[in-house]
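Visitor: I am new to this structure and would like to go through it step by step. Please show it to me.

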Amino acid sequence: MSRNGSAPSAVIPGPDDLAISQVSKMFGSGEDRVVALDNASLTIERGQFVTVIGPSGCGKTTLLRIVAGLLSVDAGDVSIFGESVSHAIEAKHIGFVPQSPALLPWRTVIDNVRLPLAVNKKANSDPDRVQLDPAQILASLGLERVLHRRPAELSGGMQQRVAIARAFVFDPPILLMDEPFAAVDELTRETLRHELLSIWQTNKKTVLFVTHSIAEAIALSDVVVIMSSNPGKIQKIVPVDLPRPRAETVESTAAFHELEQEVRTEIRSRWEKK
């Protein structure tokens, strides 16, 4: 992936890649038709943390939901480590964290995290499937003291931690995250992203993350994908050449601010052309 081009370079995906190839998606018909995605192509290597950023309506969430198998494509194709999206879903290879935690209010914290194990009994009984201990996942997110509380007893940040823990329970190789910290305050958001970064640096899952925050995108990612709207297109791919592991202090460095300015300038350039 090159920083100089305004579009992704032509990369032939391999069996260890998440490959989005010339994907287009439209909603509505006739005069009401909206092109949510137009010929989007992106190759993500196994273990990369890739963030998609851009203005509202640029197709970020649509792209994520297509990879998750929640939306079909009108053109193009998606493959996940050499297999179809439907096969990846069946094999529980995808973990999804939505904008809202979507926790069941009558279940305790640990029972919400155990829920995928209960509703996916076929995968649960597979002797080759790796499963993580829900209590250990919750402890890694600082929730060991609230295992038996219900969602209404938790702060917004705690609820989002539970949602992240639930996505990890089948130890999926792919983690899709749709603005998971959007509903919490800025200080909680900073804490959550550093917790997520710490967990990712331990297991190096392949992550496709959607955000509106430029600082968040740079702090977390190996690659930032900038999208533009009307129609939704991949505008530019920016490699984040900051050393790992990353401490909180990385956000005060000159290299971080330089990348932040590059991404901001690129996003603004599209607004100015409209």
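Guide: A definition comes before the sheets: two strands count as paired if DSSP finds at least two bridges between them. The model is a predicted one.

Visitor: What is the strand order in the open sheet of four strands?
Guide: The pairing in this open sheet of four strands is antiparallel. Its edge strands are β2 (34-45) and β5 (83-84), each of which pairs on one side only. The order is β2-β1-β4-β5.

Visitor: How many bridges join β1 to β2?
Guide: β1 and β2 form a hairpin with six residues between them, and G28 in the turn has a positive phi of about 80 degrees. F27 stands opposite V34 in β2. The two strands run antiparallel, and the number of bridges joining them is eight.

Visitor: Which residue in β4 is the bridge partner of A19?
Guide: β1 and β4 run antiparallel and are joined by five bridges. Strand β4 (residues 75-80) is also joined to β5, by two bridges. There, S84 in β5 stands opposite S79. In β4, the bridge partner of A19 is likewise S79.

Visitor: What angle does the direction of helix α1 make with that of β1?
Guide: Helix α1 (residues 60-67) packs on the four-stranded sheet, where it touches β1 (17-27), β2 and β4. Its direction makes an angle with that of β1 of about 120 degrees.

Visitor: Which strands stand at the edges of the open sheet of six strands, each with a single partner strand?
Guide: This sheet has mixed pairing and the order β6-β7-β8-β3-β9-β10. An edge strand has a single partner, so one side of it is left without a neighbour in the sheet. From one strand to the next, the twist averages 15 degrees. The edge strands are β6 (94-97) and β10 (233-239).

Visitor: Is strand β9 largely enclosed by the rest of the structure or not, and how many of its six residues are buried?
Guide: In a regular strand the side chains alternate between the two faces of the sheet. In β9, V223, V225 and M227 point one way and V224, I226 and S228 the other way, and all are buried. Strand β9 (residues 223-228) is therefore largely enclosed by the rest of the structure, and the count of buried residues is six of the six.

Visitor: Which residue in β10 stands opposite V225?
Guide: β9 is joined to strand β3 (residues 49-53) by four bridges in a parallel arrangement, with T51 opposite V224. β9 and β10 run antiparallel with six bridges. Their hairpin has four residues between the strands, and N230 there takes a positive phi near 60 degrees. Opposite V225 in β10 stands I237.

Visitor: Does K236 count as buried or exposed?
Guide: K236 is found in strand β10. Between K236 and V225 there are 6.1 Å in space, C-alpha to C-alpha, though they are 11 residues apart in sequence. The cut-off for a buried residue is under 20% relative accessible area. K236 has 12% relative accessibility, so this residue counts as buried.

Visitor: At about what angle does helix α6 run to β6?
Guide: β6 and strand β7 (residues 174-178) pair in the parallel sense over four bridges, and F96 stands opposite L176 in β7. Helix α6 (residues 156-168) lies across β6 and β7. It runs to β6 at about 170 degrees.

Visitor: Are α6 and α7 roughly parallel or roughly antiparallel to each other?
Guide: Helix α7 (residues 186-203) packs against α6 with the axes 11 Å apart and at an angle of about 20 degrees. The crossing is right-handed. Among the residues of α6 that meet α7 are G157 and F168. Angles under 35 degrees count as roughly parallel, and α6 and α7 are therefore roughly parallel.

Visitor: What relative accessibility does Q160 have?
Guide: Q160 is found in helix α6. Leaving aside residues up to four places away in sequence, Q160 touches V97, P98, Q99, S100, P101, P180, F181 and L192. Q160 counts as buried because its relative accessibility is 3%.

Visitor: What percentage of the 274 residues in the chain is buried?
Guide: The secondary structure of the chain comes to nine helices and 10 strands. Its accessible surface comes to about 12900 Å², with 51% belonging to carbon and sulfur atoms. The buried share of the 274 residues is 50%.

Conventions:
Residues are numbered from 1 along each chain as its sequence is written. This is a predicted model: local features need pLDDT of at least 70, side-chain atom pairs count only at pLDDT 80 or more; totals for chains, interfaces and linings use all residues. Side-chain values use heavy atoms; hydrogens and water are left out. Axes are lines fitted to C-alpha atoms, for helices over the stretch in contact, and angles run from 0 to 180 degrees between N-to-C directions. Contact means heavy atoms within 4.5 Å. Buried means under 20% relative accessible area, exposed over 50%, partly exposed in between (1.4 Å probe, protein chains only). Accessible areas come from the Shrake-Rupley method with a 1.4 Å probe; for residues, only the protein chains shown count as cover. Angles under 35 degrees count as roughly parallel, over 145 as roughly antiparallel, 65 to 115 as roughly perpendicular and the rest as oblique. A crossing is left-handed if the near helix is turned anticlockwise from the far one by less than a right angle, and right-handed if clockwise.
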